[in-house]
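Colleague: Hi! Could you walk me through this structure before I set anything up?

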Amino acid sequence: MGKKIIYAGIAATIVIFVIVGYNSYNKIFGKSITKNTELYVTSSDSLNDIKDHITDYSKHLNTFLLVAAQKNFSNPKPGRYILKKGMSNNDIINLLRSGNQTPIKVSFNNQDTLEKLAGRIAQQLETDSISLLKSFQNKDFLSKNNLTEKSVLQIFIPNSYQFYWTTSAENFRNKIFKEYNRFWNQSRLKKAKALNLSKSEVITLASIVQKETAKKEERPIVAGLYLNRLKKGWPLQADPTIIYCIKQNKGEDYVVKRVLTADLKIKSPYNTYKNKGLPPTLIAMPDISAIDGVLNAQKHNYLYMCANVDKLGYHAFAKSLSQHNRNAVKYHQWMNKQRVHR
């Protein structure tokens, strides 16, 4: 009888040890994360902050800090981490210790100003818009690369790029500049040279084409027209440059639906009615289709264009002034009927 009691006691003890061992193992190595999720860790986040971040995705939340203590871990590396379903607390701690974050796709479209661009990027990375803007306008960077605060916008080619979420403002700028130089491959440089235009000049013309037409298939035609005017030594007479001048005076949010005759007298190096040749810098951020539209400009004899009221969104092109005047009268009559006076 005594031996049976002893054996029962030993068995119970073994069971207890097994249960305790299993629970301890499960706390550390058991499946904790219930679904795939992103975890953003800032440079100021503590383990308690991280615990709060994963509250809705963890089955073993209460033992997260315990496991971290057992592994002598207290300083998580900032970054964007992908937590996969089934990961354990041990897996999470190891990931945060390694700093092996997953890159994020950063994208931006046609932002007309550096301020708007900085705001767009700050929505996607940890860095703030002020730091980004300062890096874009850094005098040493601008001087070294023959850029100005107005022309630096040209290095930002609208696209999607991979970055770590914790990328600094300066590293973001530097990588974008490398991507800009990579964009200008031998093929594009050769085409620019054939047009007798520099990279900056191509982008400046592309920014006008970008604003002139939203139709990608029309951009090579519009580019060809402006190139024809440049070859003849004519002023470009591009309405988008006038709108740019107006916004420079009245603010970026000022709405201009119609360019008036009085606007053509604005004193500005960007006024392509008063000044021949291209404006000093780009007037907006052109996308790749606008840049390639210039580099692959269509060869034709068009010299004039105005909005096509028979095909809204497109232009009516003309080779002669008389034909253009007929198109222009039709357009102005249509605008008046729509009661668009500014």
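Modeller: Happy to. One term to begin with: pLDDT is the predictor's confidence in each residue, on a scale from 0 to 100. You'll want it here, since this is a predicted model.

Colleague: Good to know. What does the protein average in pLDDT?

Modeller: The average is 91, and 92% of the residues score at least 70.

Colleague: Where does pLDDT stay under 50?

Modeller: That happens over residues 7-22. The model has zero contacts for that stretch beyond four places in sequence. Where pLDDT is low, the predicted coordinates should not be read in detail.

Colleague: Fair enough. Switching to helices: at what angle do H6 and H8 pack?

Modeller: About 50°, with the axes 8 Å apart. H6 covers residues 129-136 and H8 covers residues 169-183. Angles from 65 to 115 degrees would count as roughly perpendicular and those under 35 as roughly parallel, so H6 and H8 are oblique to each other. Their crossing is right-handed.

Colleague: And which residues meet there?

Modeller: From H6, Ser131, Leu132, Ser135 and Phe136; from H8, Ala169, Glu170, Phe172 and Arg173. By type, the contact of H6 with H8 has four nonpolar, two polar and two charged residues.

Colleague: Tell me about phenylalanine 172. Is that one buried or exposed?

Modeller: Buried, because its relative accessibility is 0%. Phenylalanine 172 lies in helix H8.

Colleague: What does phenylalanine 172 touch, leaving out residues up to four places away in sequence?

Modeller: Val106, Ile121, Leu125, Leu132, Phe136, Phe156, Phe163 and Thr167.

Colleague: And how far is its C-alpha from that of proline 78?

Modeller: The C-alpha atoms of phenylalanine 172 and proline 78 are separated by 17 Å, and the two residues are 94 apart along the chain.

How values were computed. Residues are numbered from 1 along each chain as its sequence is written. This is a predicted model: local features need pLDDT of at least 70, side-chain atom pairs count only at pLDDT 80 or more; totals for chains, interfaces and linings use all residues. Side-chain values use heavy atoms; hydrogens and water are left out. Contact means heavy atoms within 4.5 Å. Axes are lines fitted to C-alpha atoms, for helices over the stretch in contact, and angles run from 0 to 180 degrees between N-to-C directions. Helices (H or I, at least four residues) and strands (E, at least two) are DSSP runs, numbered from the N terminus. Angles under 35 degrees count as roughly parallel, over 145 as roughly antiparallel, 65 to 115 as roughly perpendicular and the rest as oblique. A crossing is left-handed if the near helix is turned anticlockwise from the far one by less than a right angle, and right-handed if clockwise. Ala, Val, Leu, Ile, Met, Phe, Trp, Tyr, Cys and Pro count as nonpolar, Asp, Glu, Lys and Arg as charged, and the others, Gly among them, as polar. Buried means under 20% relative accessible area, exposed over 50%, partly exposed in between (1.4 Å probe, protein chains only).
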